[in-house]
Amino acid sequence: MTPTLTAYGALAAAIVLEVIGTTLLQKSAQFTKLLPTAGMVMFYVASFYLLSQALKGMPLGIAYAMWGGLGIVLTALISVFYLKQSLDLAALAGIALIVTGVVVMNTLSSTVSH
């Protein structure tokens, strides 16, 4: 496997783990429920470890922008479909801008490894 593919794989896994950790943050009820709180900590630690591994093959700014941006989008989707929360038009527009930014960065930036 190429270093770039390995970096993107680690980043994708880091994003998924961060989203799970963030979902458990909601379920922890401000750290009053032990199992969701412990799970949240474990998923965040694993996410940061994989993010650090992704940095072996991509710049910090690119990795963090993708980690944060895609994490926001996935967390918003989970909040709507799993937690039954709603998003207004402004929130949807903001999420669309985040997705657009990640796509532009990955397709047009010479900083990103292709």
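**Close-up views of helix α3 and its surroundings**

**View 1. Y64 is a partly exposed residue of the predicted model.** Its relative accessibility is 47%. Buried would require under 20%, and exposed over 50%, so Y64 falls in between. Y64 belongs to helix α3.

**View 2. A nonpolar surface patch includes Y64.** The other members are L55 and L60. Together, the three residues have about 300 Å² of accessible area.

**View 3. Helix α3 runs from residue 60 to residue 81.** The helix has 22 residues. At 1.5 Å a residue, a span of 32 Å is expected. The end C-alpha atoms of α3 lie 31 Å apart, which agrees.

**View 4. Helix α3 also has a buried set of residues.** This set consists of I62, A63, M66, W67, G69, G71, V73, A76 and S79. Their cover includes three other helices: α1 (3–27), α2 (34–54) and α4 (89–108). An α-helix has 3.6 residues a turn, so residues three or four places apart point the same way.

**View 5. The largest nonpolar core contains 15 residues.** L11, I15, L51, M58, M66 and W67 have the most contacts inside this core. Helices α1, α2, α3 and α4 each give two or more residues to the core. The largest share comes from α1, with 6 residues.

**View 6. W67 is a buried residue of α3 with contacts far along the sequence as well as in the core.** Leaving out residues up to four places away in sequence, W67 touches L11, A14, I15, E18, S47, F48 and L51. Among these partners, L11, I15 and L51 are also listed with the most contacts inside the largest nonpolar core.

Conventions:
Residues numbered from 1 in each chain as written. Predicted model: local features only at pLDDT ≥ 70, side-chain atom pairs only at ≥ 80, totals over all residues. Heavy atoms only, no water. Patch = residues over 30% accessible without salt bridge, like charges linked within 9 Å, V, L, I, M, F, W, Y side chains within 5 Å. Areas by Shrake-Rupley, 256 points an atom, 1.4 Å probe, with all protein chains shown as cover. Salt bridge = Lys/Arg side-chain N within 4 Å of Asp/Glu carboxyl O. Helix = DSSP H or I, 4+ residues; strand = E, 2+ residues; numbered from the N terminus. Buried < 20%, exposed > 50% of the residue type's maximum accessible area, 1.4 Å probe, protein only. Expected span 1.5 Å × (residues − 1). Contact = heavy atoms within 4.5 Å. Core = buried A, V, L, I, M, F, W, Y, C linked by side-chain atoms within 4.5 Å.
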